Amino acid sequence: MKHLKWSVAAVALIGWGTLASATETLTMWYHGAGNEVESKIINQIITDFNASQADYAVELQSFPQAAYNDSVTAGALAGNLPDILDVDGPNMPNWAWAGYMQPLTIDESKIATFLPGTKGMYNGKLYSIGLWDAAISLVTRKSTLEALSLRTPTLEQPWTAEEFEAALKAAKDSGKYKYALDLGMAWKGEWYPYAFSPFLQSFGGDIVDRTTYASAEGALNGDAAQAWGKWWQHLFTDGYAQADQDGADRDNGFGAGEYAFSWNGNWAALGALKAFDDTLFLPAPDFGKGPKIGAASWQFGVSAKSAHPEGAAKFIEFALQDKYLADFSNGIGLIPATPSAAALVDNYKEGGPLAVFFGLSNAQGTLRPVTPGYVVQAKVFEKAANDIAHGANVAATLDAAVDEIDADITKNNGYAAQ
Amino acid sequence: MAQISQDNRGLRLVVRYTVLCLIAAIFSFPLIFMIISSLKPSSQLLADAHSFRALLPVGDISLQNYFDAFKRAPVALFVFNSVLVTGVTVIASLALCSAAAFAFTFVHWKGRDLALTVILATLIVPFETIAIPLLLESSKLPWIGAGGITWGWLNSYRVQIVPFIADGLTIYLFVQYFKDLPAELIEAARVEGASWFAIYRRIVMPLSGPVLATAAILKFLAMYNQYLWPIMVTQEEQYRPVMVGLQYFFQLNRAWGEIMAYLSLITVPVLAFYLYLQKAFIASIASTGVKG
């Protein structure tokens with residue numbers, strides 16, 4: 001009898017141990033360290049997920065955004081990647097190509113209504129999905145448009161190139177502003193391709209030829225690109241915008257009345273609304289090939305080295321619930337990925353002060369080139385746009401940029417699958 | 001004649017002190033701006049940035065930015081990590097590099113000059129070029145701890161310390177300094193039968209205060225300002241140093257007041273360390289011509 005008791009106890013212990021070890025730990029890296037609101041929401045999602053099932057337990061490691069990409073690259077080199085990663089949309093193809101990420105297997109019917117910019121597709125496969133998107137608008141005031149006798153552009157009928165030019169000229173001639181247009185030249189890095197390459201695309205050019213992704217020839221130095229370059233340069237030479245901007249002017253200039261128009265993202269929209277009760281968020285002008293703004297923000301994906309990709313995908317699918325999309329939007333002001341989530345957010349529901357951004361993202365959002373070479377092309381474009389803004393010869397600068405991009409593509413064997 | 005000479009001397013003094021005050025002002029402006037700005041709300045900080053008000057504690061002054069900085073990031077942890085990593089590295093580096101320099105200067109052995117040349121040649125190799133090989137190596141090294149043998153040094157203090165203990169510049173500083181010490185002292189000690197280690201410990205090191213201070217300050221600054229290596233090897237927050245922590249404050253809508261508060265906090269250990277060693281540092285510069 002005594003032996004039986006011990007045997008039962010031993011079996012129970014072994015059984016308990018087996019059950020306990022059945023919970024697999026999934027590690028997750030996220031770029032939001034230092035953002036209290038964002039950290040709180042992501043931690044809540046993880047807590048909810050861990051409590052909702054017994055198969056997996058997600059453990060979070062947050063990184064400051066500026067150090068995140070380098071940390072992931074170092075982690076990949078050292079073979080130390082987590083199961084779940086978040087990735088900035090335009091970087092995803094590079095990480096997929098480099099073998100940091102694997103395709104994301106989630107029920108695609110669940111993302112059918114997601115904004116196009118939130119879906120990270122590469123080579124026909126879904127690699128990442130975003131809980132939000134970001135959008136840019138031309139911020140101004142109703143009173144400014146009235147004072148300058150300008151038509152209010154709409155999504156259906158945005159300003160043409162000529163109308164935009166006339167608006168800048170009217171603002172400059174009024175003498176009321178330090179500069180007619182705040183382009184955010186104080187911000188560097190990804191801001192340039194995100195905010196300014198859509199102008200180039202609206203002219204009909206692009207950073208790289210998207211039909212093949214094998215060259216930038218013709219796309220970045222063809223007639224359309226040359227026209228963009230000349231237009232871009234004249235903004236500075238004609239005194240509509242400043243090529244060098246103080247960070248303080250970027251942060252406070254529009255609110256202080258220094259600019260008639262500001263090219264800025266939805267993350268700064270609440271500040272603009274607070275500054276003026278007649279703030280308007282206008283769509284991008286149409287320079288000939290349709291009005292365009294940048295799309296794709298941070299997204300979740302599964303690392304290539306994950307031993308539990310199904311668990312990682314399960315977590316990501318769990319995070320796609322409208323309530324979490326709404327929480328992120330309420331917390332950090334970004335655009336909820338679905339119309340049903342937008343309806344839960346005061347700022348983005350129909351009639352909400354930022355609802356216009358949902359429409360902008362849906363109608364004008366344009367992905368940056370979906371190629372592994374983008375990480376290099378973005379830097380080349382940034383340098384070219386900056387040089388042209390500072391007076392460099394347009395044709396020579398764009399030709400040089402094309403050469404640099406093409407050399408990188410050649411060096412990487414066309415970024416063919418590894 | 002004597003009056004003119006007196007006047008000239010007075011004028012020279014006025015000019016000298018004016019120039020020195022101007023230089024002192026130029027160097028102290030950033031520090032004053034940082035500390036004053038850390039007491040202002042971001043909106044006021046930006047509004048004052050283009051005027052002399054930026055250097056004056058006027059307007060809405062409070063310690064709120066400091067409280068907010070501690071809420072945003074584990075500031076005390078980052079400062080502790082940096083001080084620990086820097087402190088251990090500096091002490092270990094002074095011990096190891098001075099011993100190496102001693103061997104290069106006073107002990108005659110085969111291949112000594114070639115070895116020193118190779119070590120000095122590493123001065124021209126930027127860290128960025130060896131960062132990736134070092135990362136690959138560090139991620140596979142063994143370590144014996146409480147839990148037995150583990151593989152990989154990532155996410156630890158040792159990975160931030162060990163690769164930086166020995167370096168060409170510190171060895172070079174010691175070699176240059178040791179060369180100026182009277183050779184007779186060493187020879188006399190050898191004649192008396194002192195061991196090399198006794199000479200190093202009882203004669204050479206007690207005479208090396210200035211170079212120890214210089215090497216310590218240079219190493220301290222290099223280690224305390226580490227950024228690239230820590231972001232490559234510390235995926236876990238608990239091991240991150242202050243410079244990685246600074247990035248916690250660069251969000252989309254930047255809280256400049258908090259950034260200034262954080263910078264003020266992390267500058268304190270550097271200033272304290274420098275002030276502690278200031279006299280020896282200046283004496284070393286005067287004697288060796290080495291600038292920090």
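## A walk through two chains

Start inside chain A: between its domain 1 and domain 2 there are four residue pairs in polar contact, with both partners at pLDDT 80 or more. Keep in mind as you click around that this is a predicted model.

**Stop 1: the two domains of chain A**

To see what you are looking at, colour chain A by domain. Select 2-133 together with 297-350 for domain 1, then 136-294 together with 370-415 for domain 2. If you place a marker at the centre of each, taken over C-alpha atoms, the markers sit 33 Å apart. Now show the residues that meet: domain 1 of chain A brings 14 and domain 2 of chain A brings eleven.

How much area is buried between domain 1 and domain 2 of chain A? About 970 Å², and carbon and sulfur atoms give 62% of that area. For a good close-up, pick A:P90, A:N94 and A:W97. In domain 1 of chain A these three lose the most area to domain 2, together 42% of what that side buries. Don't go hunting for salt bridges here, though: the rule finds zero across the interface of domain 1 and domain 2 of chain A.

Next, switch to the cartoon view and find α4 (92-97) and β5 (119-122) of chain A. Each supplies at least two residues of the side of domain 1 that touches domain 2. The largest share of that side comes from α4(A), with three residues. Colour the same side of domain 1 by class and you'll get eight nonpolar, four polar and two charged residues.

**Stop 2: two backbone spots in chain A**

Time for some single residues. Most residues other than glycine have a negative phi. Go to A:A296, though, and you'll find a positive phi near 85° in a residue that isn't glycine. A:A296 sits in the loop between β12 (293-295) and β13 (298-303) of chain A. Is A:A296 buried or exposed? With a relative accessible area of 8%, A:A296 is buried.

Now jump to A:N413, in the segment after α16 (394-411) of chain A. A:N413 isn't a glycine either, and its phi is positive too, at about 50°. Turn on the surface here: A:N413 is exposed, with a relative accessible area of 64%.

**Stop 3: the two domains of chain B**

Over to chain B. Select 1-72 for domain 1 and 73-288 for domain 2. The C-alpha centres of these two domains of chain B lie 32 Å apart. Show the contact residues and you'll have 17 from domain 1 of chain B against 16 from domain 2 of chain B. Between them, domain 1 and domain 2 of chain B bury about 1,400 Å², with 70% of it on carbon and sulfur atoms. Three residues to label are B:M34, B:F70 and B:R72: they supply 45% of the area that domain 1 of chain B buries against domain 2 of chain B, more than any other three residues.

How many salt bridges does the rule find across the interface of domain 1 and domain 2 of chain B? One. To look at a salt bridge up close, draw the side chains of B:R72 and B:E258, which meet in one at 2.7 Å, N to O. The rule also finds four residue pairs in polar contact across this domain interface of chain B, both partners at pLDDT 80 or more.

Back in cartoon view, the elements giving two or more residues to the side of domain 1 that touches domain 2 are α1 (2-37), α2 and α3 of chain B. α3(B) gives the most, with seven residues. By class, that side of domain 1 of chain B divides into nine nonpolar, four polar and four charged residues.

**Stop 4: where chain B meets chain A**

Finally, zoom out until both chains are in view. Select the residues in contact and you'll light up 25 in chain B and 24 in chain A. The area buried between chain B and chain A is about 2,100 Å², and carbon and sulfur atoms give 58% of it. The rule finds zero salt bridges across the interface of chain B and chain A, but it does find six residue pairs in polar contact, both at pLDDT 80 or more.

Which elements give two or more residues to the side of chain B that touches chain A? They are α2 (42-48), α3 (64-72), α6 (127-138) and α12 (228-233) of chain B. The largest share, three residues, comes from α6(B). For a last picture, colour that side of chain B by class: twelve nonpolar, eight polar and five charged residues.

Note on methods: Residues numbered from 1 in each chain as written. Chains lettered and ligands numbered in written order. Heavy atoms only, no water. Contact = heavy atoms within 4.5 Å. Buried area = accessible area lost by both parts, 1.4 Å probe. Salt bridge = Lys/Arg side-chain N within 4 Å of Asp/Glu carboxyl O. Polar contact = N/O pair within 3.5 Å; in protein donor to acceptor, adjacent residues only side chain to side chain. Helix = DSSP H or I, 4+ residues; strand = E, 2+ residues; numbered from the N terminus. Nonpolar A, V, L, I, M, F, W, Y, C, P; charged D, E, K, R; others polar. Buried < 20%, exposed > 50% of the residue type's maximum accessible area, 1.4 Å probe, protein only. Domains from an automatic or database assignment.
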